[in-house]
Amino acid sequence: MSLSTARSFLSEAGYGEQELDANSALMELDKGLRSCKLGEQCEAVVLFPKLFQKYPFPILINSAFLKLADIFRLGNNFLRLCVLKVTQQSEKHLEKILNVDEFVKRVFSVIHSNDPVARAITLRMLGSLASIIPERKNAHHSIRQSLDSHDNVEVEAAIYAAASFSSQSKDFAAGICNKISEMIQGLDTPVDLKLKLIPMLQYMHHDATLASRSRELLQELVSSYPSTPMVIVTLHTFTQLATSSLIEIPKQIQLLLQYLKDDPRKAVKRLAVQDLKLLAKKAPHMWTKKNIQTLCECALSTPYNSLKLGMGSVLSTLSGTIAIKQYFSPAAGESSPAPHLTDLVKLAQECCYHSNLAVAAHGITVLANIAISCPEKDFVQLEQDTVLGMESLLLLCSQDSSASAQATLKTALASLVRMLKGRPHLSQSCVEFLLGQLHYACDAARILICHALAAIATQLPVLGESMLGDLVELYRSAGNTSSEKQQELLVSLATVVFVASQSSLGAEVKTVIRQQLEASANGWTVYRIARQASRMGCHELSSELYQSLRTRVASEHFYFWLNSLMEFSQAERCLSGLEDGDYSGAMGAITEALKSYQKGFASLTAASTPLSPLAFQCEFIKLRMDTLQALAQLICTCNSLKTSPPPAIATTIALTSGNELQRCGRISLQMKLSMDEFRSLAGRYADLYQSSFDADSATLRNVELQQQSCLLISYVIEALILEPQTASFQDFGTLGSVQAESKYERRMMAVFNLVLEEVESLSRKHPPVSYLHTGCLCDAVIALLKVPLSFQRYFFQKLQSTSIKLALSPSPRTPNEPIPVQNNQHLTLKVEGVVQHGSTPGLFRKIQSVCLNVSSTLQAKSGPDFKIPLDTKTNEIEQRVEPHNDYFSTQFLLNFSILGSHNVTVEASVVDDSGVEWKTGPKSVVTVKSLEDPYSQQLRHQLQQQQAGAQAALRNVSNRFQ
C-alpha cells in the first residue's frame with residue numbers, strides 16, 4: 001500500500017471503515033513522514049486532517065499527533081509550518097490527545113532554537129494548543145519573553161499566542177495585562193505594533209476587575225491617540241470586550257452613537273455602524289428608546305448613502321426584536337405619539353422610496369416588522385403605507401435583472417410573506433398584485449415571485465381556481481430555452497399551479513404542463529416538477545412524469561427509485577376517485593392501491609444501497625400499506641353487521657353477561673381488534689417521528705397527521721361502539737389548536753373536525769350499535785382516503801444529515817469473541833462517540849446532549865444456579881453526555897455476577913436544544929462471558945472433594961454391615 005493508496009483511501013466518501021483500515025492508512029502516512037524526500041513528507045503531513053475526519057477517535061489521533069510532533073521537532077521550517085496548519089485545521093480533535101505532556105514536550109523543544117522563524121512557528125503552535133494547555137507556565141514564560149524580541153516575525157507570533165492563551169486562561173490574562181498596557185503606552189513601541197497589541201484587550205473579560213482595567217486603558221487610548229487607525233481598532237476592541245463581559249453594553253452603545261453623531265471621519269462612522277449592528281444582534285434588549293431615537297436622527301441627517309444603508313441595517317435588525325416594542329411603548333406618565341409621527345417611521349418611509357435599492361429594502365423590512373409587532377388599531381394607516389411601499393419597490397425591482405435588484409426583491413418578498421402571516425386580511429390584494437406582476441417581470445424576478453406566492457398560499461388559502469387561468473397562460477407563454485433560469489421558472493410556476501388547484505388538476509392544465517416540459521425541460525426539471533406534484537397531492541400528473549423518466553437514468557438504483565415513485569403515485573391515484581357512501585368501491589380502490597404499493601415497495605427496496613438505505617421511505621410506505629389494510633379490514637367489519645347479523649339468542653347472552661355489546665354478536669370483538677390495530681399503527685408512526693431527527697418540520701407534521709388519523713379512527717370506534725360513555729379524544733392531542741401550515745394539513749384538519757362533529761351528534765341520539773354507527777365509521781374512512789396523501793420533502797431530499805459513530809472498549813479481538821470477566825469483578829465499559837454532520841449541520845435542530853442506554857441480558861448460563869438477588873441479574877444504566885467539538889466519552893460500571901454469556905447492548909439517542917429526545921441510534925452489541933473467579937472455583941472443588949469423600953466413607957460403613 002503506497003502513499004497514493006492511502007490518499008485514495010482517505011478521499012473515499014462515507015464512514016464505517018474498520019479500525020484495521022485506519023491503522024493501515026496511518027502506517028502508510030508514517031512511511032511518508034520517514035521518507036527522504038521533502039515533497040513526500042509534506043504530502044503525508046497534509047493528509048492527516050482527512051485521516052482525523054475518517055477515524056476521529058482518541059487512540060488513533062493521539063498516535064498521529066505524536067508522529068507530527070516528531071516531525072515538528074526534527075524537520076525544517078517548511079515542515080513545521082505544514083504541521084502548524086494541520087494542527088489549526090484539526091482544532092476540534094486536540095482534546096483527544098491522550099499524551100499531552102509528551103506531545104507538548106516535543107513541540108516545545110524547538111522554542112530554544114537560534115532560528116527566530118522556528119521560534120515564531122513554535123509560538124504559533126503553542127497558541128493553537130492553548131485550549132488543551134491553558135495553564136502551562138513554561139509556555140506562558142516563553143510568550144512573555146518573545147514579546148520583548150527584536151525580531152518582528154517572532155513578536156507577531158508571540159502576540160498571536162498571547163491572544164490565544166488570554167482567551168483560555170484567566171491567570172495568563174491577569175498576568176499579561178500589565179505588560180500589554182506598558183507596551184501600548186510605551187513611547188518606544190511602534191504604532192503598527194500597538195495596533196496589533198490593542199485587540200488583545202478584548203480577551204480580558206474573565207472577571208469584572210480585569211475588564212474594568214482594560215476598559216479604562218481603552219478609554220485613555222481613544223482620547224490620547226485620535227488618529228483614524230487607532231480609533232477604529234480601539235473602538236472595535238471596546239465593542240468586543242463589552243460583548244464578552246456583558247456589563248458595559250449600554251455604555252458602549254452610547255459611546256458608538258456619540259462617535260457616529262460627532263466624529264466627522266467617514267471611516268470611524270462606518271466602524272461605529274458595524275459595531276452597532278453587532279450589539280443589535282447580541283443584546284437588542286439593552287437598546288433604549290433614546291438610543292434608537294439617536295440612531296434615527298443620525299440616519300435622517302447623514303448625506304452618505306453607505307452610512308444610511310448601514311444604519312438601516314442596524315434598525316432592520318432591531319425592528320425584528322423586543323427593542324421595537326420598547327420604542328413604541330410610552331414612558332411612565334407620557335402618552336404614546338402617533339406611529340406615523342415618530343422618527344423611526346419617518347425614516348423607514350423615506351428609505352422605502354430611496355434611489356439606493358438596498359436602503360429601500362431595509363426601509364421595507366423596518367415597516368413590515370413594525371406592522372407585525374405592534375397593535376392593529378393604531379397602525380391601520382401604517383399597514384397601508386407599508387403595502388404601498390412594498391408594491392412600488394416590487395414594481396421597480398421585478399423588471400430589473402441585476403443582482404442588487406434581485407437581492408432587494410428577495411428581501412421585500414420575504415418581508416411581505418412575514419407580514420401577511422400576521423396580517424391575513426391584506427393577503428388577497430397582495431396576491432392579486434403579485435399575479436399581475438408575473439406578466440411583466442423578468443425571469444429571475446418571476447422565480448422569486450412564484451416562491452413568494454407558494455409560501456403565502458401555503459399559509460393561507462388565497463390562490464383559488466379563478467386565478468388558475470392566468471397561471472396556465474403564464475406557463476404556456478414561458479420561454480422555450482433550456483437556460484438555468486428558464487428551467488427554474490418552469491418548476492416555480494408549476495408549484496404555484498399545484499397550490500392553486502384546490503381539488504385535482506384539470507385535463508387542460510395537465511396538457512399545458514406536459515407540452516411545455518416536452519418542449520424545453522431537461523430530465524432534472526421534470527423530476528423536480530413531479531416531486532412537487534407528489535408533495536401537493538397531484539398524483540395523476542406525477543405518475544405520468546415518473547413513468548416518462550424511468551428510462552432516462554443511467555443507474556439501476558435510480559430506475560428502481562423512479563419506478564417506486566411511479567407505483568406510489570398510481571396507488572394514491574386509485575384512491576382519488578372515491579365517492580361518499582360507495583363502500584364496495586372503496587374496498588376495490590384500496591385493493592388496487594395496495595397492489596401498486598406492494599410493487600412500489602419491492603422497487604424501493606431494490607433502490608436502497610448501503611450508503612443510502614432509504615430507511616425513512618421504507619418505513620413510511622410500510623405504515624401507509626398497513627394503514628390501508630387496517631382501513632379495508634374496518635370496512636369489512638362494518639359490513640359484517642349486515643352479512644353476519646347477531647344470533648337470535650344474542651339478547652339473552654347480553655342480559656346474562658351484563659354486556660350490552662353482546663347484542664351485536666361477533667362485531668364487538670372484531671371492533672376491539674380493529675381499535676387495537678389502529679392504536680398500534682399510531683404508536684409506529686410515533687416511533688417513525690422520533691427516529692426522524694434530520695427531517696424538516698413539514699415532514700414531521702405530515703407524520704403527526706398520519707398518527708392523528710389512526711388515533712381518530714380508534715377514538716371513533718370506541719366512542720360509537722365499544723365505550724361511548726368513557727371515550728375521550730383528549731389523550732390523542734388537540735385538533736385545530738395549531739395553525740395549519742400547508743394545504744394538505746388544512747384538508748386533513750377539516751376532515752378531522754367534520755368526523756368529530758358527526759360522531760358527537762350520532763352518539764347523543766342513537767344507542768349503539770346500529771347501521772348508522774357502522775355507516776359513520778365507513779364515511780370517516782372514505783373522508784380520510786379522499787384527501788390525497790402528501791409526500792413531503794424528507795421523502796425525496798435530506799437537507800440535514802446527522803449520525804453518531806460509537807466505539808466501545810474493551811472490544812473483542814475478533815467480532816464473535818466474547819470479552820472475559822470474572823463474576824466477582826465489575827466490567828468498566830468505556831463508550832466513545834463522534835457526531836458526524838453533513839454539509840448543513842443544525843439546519844432544523846441541533847444536538848444538545850447524547851443519551852446512552854446500556855443494558856445486558858443473559859444468553860446462556862453455565863455452572864450451578866446460585867441464589868442471587870434479582871436486581872443484579874441485568875444491568876440497565878442510562879447516562880446523558882454533552883458532546884464537545886462533536887466528541888463525547890463516558891464510562892459504565894457493569895456487574896456480571898451470574899456465570900454465563902451476556903449480551904451488552906449500547907443504544908444512543910440524542911436530545912435536541914428544545915429538550916426533545918430522538919431515537920436516532922446507533923445500537924452496538926458486545927458479548928461478555930462471566931467466568932468464576934479462581935478462589936471460588938478452588939473452594940468449590942475442595943467442597944466437592946470433601947462431599948465425595950464423605951459419601952465414599954458412608955458407602956464403606958454401610959458395606960461393612962451388609
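The following exchange goes through the terms applied to this predicted model and the values behind them.

User: Why is Glu745 called buried?

Analyst: Glu745 has a relative accessibility of 2%, and because buried means under 20%, the residue falls into that class. Its salt-bridge partner Arg701 has a relative accessibility of 14%, which is also under the 20% limit, so Arg701 counts as buried too.

User: How do you know that Glu745 forms a salt bridge with Arg701?

Analyst: The closest N and O atoms of Glu745 and Arg701 are 2.8 Å apart, and a salt bridge requires a side-chain nitrogen of Lys or Arg within 4 Å of a carboxyl oxygen of Asp or Glu, so the pair qualifies. The bridge links distant parts of the chain, with Glu745 in helix 37 and Arg701 in helix 36, 44 residues apart.

User: What makes the contact between Glu544 and Arg514 a salt bridge, and are these residues buried or partly exposed?

Analyst: For Glu544 and Arg514 the closest N and O atoms lie 2.8 Å apart, and because the limit is 4 Å, the contact is counted. This pair also links distant parts of the chain, since Glu544 belongs to helix 30 (residues 539-549) and Arg514 to helix 28 (residues 507-520), 30 residues apart. Glu544 has a relative accessibility of 26% and Arg514 has 27%; partly exposed covers the range between 20% and 50%, so both residues are placed in that class.

User: Why is the pair Lys595 and Glu592 called a salt bridge, and where do the two residues lie?

Analyst: The N to O distance between the side chains of Lys595 and Glu592 is 3.6 Å, which is within the 4 Å limit, so the pair is accepted. Both residues lie in helix 32 (residues 583-607), 3 residues apart, about one turn of the helix. Lys595 is partly exposed with a relative accessible area of 47%, and Glu592 is partly exposed at 40%. The structure holds 33 salt bridges, and Asp70, Arg73, Glu102 and Arg106 are linked in a network of such bridges.

User: What makes Phe78 part of a nonpolar surface patch?

Analyst: Phe78 has a relative accessible area of 47%, and because patch residues need over 30%, Phe78 meets that condition, while 47% still leaves this residue in the partly exposed class. Phe78 lies in helix 6 (residues 77-89), and together with Leu38 and Leu81 this residue makes a patch of about 260 Å².

User: What is known of the largest pocket and its lining?

Analyst: The largest pocket has a volume of about 1,500 Å³. Of the 45 residues that line this pocket, the closest to its centre are Leu611, Ser612, Pro613, Leu614 and Lys798. The elements that give two or more residues to the lining include helix 29 (523-536), helix 33 (615-643) and strand 1 (802-809). By residue class the lining divides into 23 nonpolar, 17 polar and 5 charged.

User: What makes a space a cavity rather than a pocket, and which residues are closest to the centre of the largest cavity?

Analyst: A cavity is a space where a 1.4 Å probe fits but cannot get out, whereas a pocket is open. The search finds 10 cavities of 30 Å³ or more, and about 140 Å³ of space lies in the largest cavity. Of the 15 residues that line the largest cavity, the closest to its centre are Arg624, Gln706, Ser709, Met748 and Leu784. Helix 36 gives the largest share of this lining, 4 residues, and the lining as a whole divides into 11 nonpolar, 3 polar and 1 charged.

User: How do you know that the bond between Ser809 and Pro810 is set apart from most peptide bonds?

Analyst: Most peptide bonds are trans. The bond joining Ser809 and Pro810 is cis, with omega at about 5°, and Pro810 is placed in the loop between strand 1 and strand 2 (819-822). A cis peptide bond also joins Gly921 and Pro922, where omega is about 5°.

User: Why is the phi of Asn885 worth a remark?

Analyst: Most residues other than glycine have a negative phi. Asn885 has a positive phi of about 55° although it is not a glycine, and Asn885 lies in the loop between strand 5 (876-881) and strand 6 (887-895). Asp886, also in the loop between strand 5 and strand 6, has a positive phi of about 65°.

Key. Residues are numbered from 1 along each chain as its sequence is written. This is a predicted model: local features need pLDDT of at least 70, side-chain atom pairs count only at pLDDT 80 or more; totals for chains, interfaces and linings use all residues. Side-chain values use heavy atoms; hydrogens and water are left out. Patches are made of residues with over 30% relative accessible area and no salt bridge: like charges are joined within 9 Å, nonpolar side chains (Val, Leu, Ile, Met, Phe, Trp, Tyr) within 5 Å. Accessible areas come from the Shrake-Rupley method with a 1.4 Å probe; for residues, only the protein chains shown count as cover. Buried means under 20% relative accessible area, exposed over 50%, partly exposed in between (1.4 Å probe, protein chains only). On a 1 Å grid over the protein atoms alone, a cavity is a set of points where a 1.4 Å probe fits but cannot get out, and a pocket is an open set with protein on both sides within 12 Å along at least five of seven lines; lining residues have an atom within 4 Å of a point. Grid points are joined across faces, edges and corners, and a volume is the space filled by probe spheres set on the points. Ala, Val, Leu, Ile, Met, Phe, Trp, Tyr, Cys and Pro count as nonpolar, Asp, Glu, Lys and Arg as charged, and the others, Gly among them, as polar.
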